[in-house]
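Welcome to this short briefing on charged pairs and nonpolar packing. Have a look at the structure below, and then we will go through it topic by topic.

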Amino acid sequence: MANQPTILDVVRSWYILTELTGIELFVADLKALEAYVGYFYYLSKLWARPLPEVYDPQEVADYFSCRPHVVALRLIEVVGSFASAAIRIRTSGIRTVYMSNVDNDVDMNISQYKFGIVLKQTMLNLGPTFIKVGQSLATRPDIIGSEISKALSELHDQIPPFPRSVAMKIIEEELGPVEACFSSISEEPVAAASYGQVYRGTTLDGFDVAVKVQRPNLRHIVVRDIYILRLGLKLLQKVAKRKSDLCLYADELGKGLVGELDYTLEAANALEFMEAHSAFTFIRVPKALPHLTRKRVLTMEWMDGDNPNDLISISNEELIDHDSKYPASQIRDARRRLLDLVNNGVEAALVQLLETGLLHADPHPGNLRYTSSGQIGFLDFGLLCRMEKKHQFAMLESILHIVYGDWASLVHALSDMDVVRPGTSIQRVTMDLEDALGEVEFKDGIPDVKFSGVLGKIWSVALKHHMRMPPYYTLVLRSLASLEGKCHMPIPFVLKIPFVSCLS
């Protein structure tokens with residue numbers, strides 16, 4: 001709209017003539033009126049244009065540029081929420097200092113947990129986009145601390161559901177009458193997530209299913225928050241004088257989050273993931289039912305299994321604690337199952353990363369199950385990462401170079417992964433990596449490498465040299481970081497498996 005002539009310009013173009021007759025003035029008035037009508041018609045078309053179904057930065061910008069009040073109100077809400085949270089955190093911290101008569105370490109843990117609780121509540125109040133961010137942070141106790149992670153992990157379980165009547169109305173709008181699709185459906189949701197909630201149901205032919213129903217008006221909420229994030233990153237880019245386009249990160253996030261809103265795509269992703277990993281018996285994927293799936297309703301096979309958080313909770317009980325609510329045999333069994341889950345999870349990550357090239361991009365505890373047959377079950381396929389073979393080999397090489405501290409070869413591998421921009425000084429990047437990472441330490445002859453620690457240092461060097469983050473690479477890091485945060489150990493090295501064997 002910036003290049004469009006204004007109404008004043010159009011009118012002036014008609015009245016700039018001199019010595020007009022009465023008829024000529026009348027014609028000029030008509031043309032000016034025509035220009036006014038055309039302009040307001042153009043505005044009406046902009047206002048009538050719906051929010052795009054597929055994320056497009058320009059179309060989204062056009063949509064919200066006509067609705068600045070929507071953006072302004074949301075900005076006030078976001079700023080106000082975090083300002084209120086900062087005040088509560090500060091107040092809580094002062095009270096802790098004055099009231100503390102306990103050990104400093106214990107006091108610090110209490111303060112961190114309070115901080116996490118306030119942050120969790122703020123994320124809940126701000127809605128689905130911020131809940132997604134909080135859930136991602138909850139999987140990284142090695143970065144934000146175990147107490148904050150513990151508080152934020154409640155975002156997976158404590159998201160309030162929306163009314164059942166609304167959910168049933170959405171099912172009817174998408175599939176038709178509920179009784180014509182399901183013989184029974186639970187009164188209450190068995191799980192509530194940031195984007196939807198799940199009911200347990202039975203199809204007319206007696207098949208147990210999970211029915212996921214999307215929250216109402218979700219597309220507008222998510223796209224609005226992504227647009228605001230894009231504005232913020234654009235401002236940050238100008239202030240920090242960054243050469244790289246930071247808005248690309250918001251655009252990539254927008255494509256991923258908006259893509260998750262179409263449950264027909266999620267059903268297709270589940271089928272693709274199932275077929276790609278059908279040869280690996282320790283991986284379990286529920287089957288989607290296409291005839292009972294639409295954009296806002298997803299029906300999949302019901303999968304029984306233990307939630308990793310439940311296994312962790314039981315495993316943390318002390319066997320010698322006579323006040324434990326779990327018998328000793330159950331605690332031992334939970335620890336055995338948890339160890340098997342970790343082993344299968346690591347092997348599944350390696351298979352996805354190095355063989356199939358198809359990764360589940362959001363493997364947080366709420367999306368994983370340990371089945372009675374010893375399989376690791378994956379749920380929620382709204383976001384998958386697809387890697388090319390050349391990127392898989394380059395990723396494998398980079399892992400080996402990190403293990404052995406070969407930073408020069410690591411830079412070449414990053415170039416093959418399309419992370420290092422053409423024209424970047426390889427020698428300077430290598431020297432900076434050597435300064436940041438130093439020499440690898442060994443424990444019992446095994447390289448002691450922490451994925452998250454190495455990642456943080458590589459990230460600082462990447463920012464210095466204006467490296468880029470290809471879309472697949474961002475999702476790979478998200479997937480591995482999520483698994484590592486839950487396992488509390490470096491994923492690529494937790495099992496003594498020869499990496500080359502994964503590519504056979």
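Let's start with one charged pair: Arg74 and Glu77 form a salt bridge, with 3.0 Å between their closest N and O atoms. Please keep in mind that this is a predicted model. Across the whole structure, a search finds 17 salt bridges, and a few of them are described here.

**A pair within one helix**

- Arg74 and Glu77 both belong to helix H4 (residues 68–99), where they sit three residues apart, so about one helical turn separates them.
- The two partners differ in how much of each is accessible: Arg74 is buried, with 3% relative accessibility, whereas Glu77 is partly exposed at 35%.
- This pair also belongs to a network of salt bridges that links Arg74, Glu77, Arg224 and Asp225.

**A pair between a strand and a helix**

- Lys212 makes a salt bridge with Glu266, and their closest N and O atoms are 3.0 Å apart.
- Lys212 is in strand E4 (residues 208–214) and Glu266 is in helix H12 (residues 263–276), so this pair ties together parts that are 54 residues apart in sequence.
- Is Lys212 buried or exposed? At 16% relative accessibility, Lys212 counts as buried because the cut-off for that class is under 20%.
- Glu266 is buried too, and its relative accessible area is 3%.

**A pair between two strands**

- Glu301 and Arg284 meet through their side chains in a salt bridge, at 2.8 Å from N to O.
- Glu301 lies in strand E6 (residues 297–301) and Arg284 in strand E5 (residues 283–284), so the salt bridge ties together parts that are 17 residues apart in sequence.
- Arg284 is partly exposed, and its relative accessible area is 23%.

**Nonpolar cores**

- Which residues touch the most other members of the largest nonpolar core? Among its 44 residues, they are Phe64, Phe273, Ile283, Ile376, Phe378 and Phe381.
- Leaving aside residues up to four places away in sequence, Ile376 touches Phe282, Ile283, Arg284, Leu341, Asn344, Gly345, Ala348, Leu368 and Arg369.
- There is also a second, separate core of 29 residues, and its members include Val403, Val429, Leu437 and Val476.

**Where the topics meet**

- Arg284 is a handy residue to find on screen: this partner of Glu301 in a salt bridge is also among the residues that Ile376 touches.
- Ile283 likewise appears twice, as one of the residues with the most contacts to other members of the largest core and as one of the residues touched by Ile376.

Conventions
Residues numbered from 1 in each chain as written. Predicted model: local features only at pLDDT ≥ 70, side-chain atom pairs only at ≥ 80, totals over all residues. Heavy atoms only, no water. Salt bridge = Lys/Arg side-chain N within 4 Å of Asp/Glu carboxyl O. Helix = DSSP H or I, 4+ residues; strand = E, 2+ residues; numbered from the N terminus. Buried < 20%, exposed > 50% of the residue type's maximum accessible area, 1.4 Å probe, protein only. Core = buried A, V, L, I, M, F, W, Y, C linked by side-chain atoms within 4.5 Å. Contact = heavy atoms within 4.5 Å.
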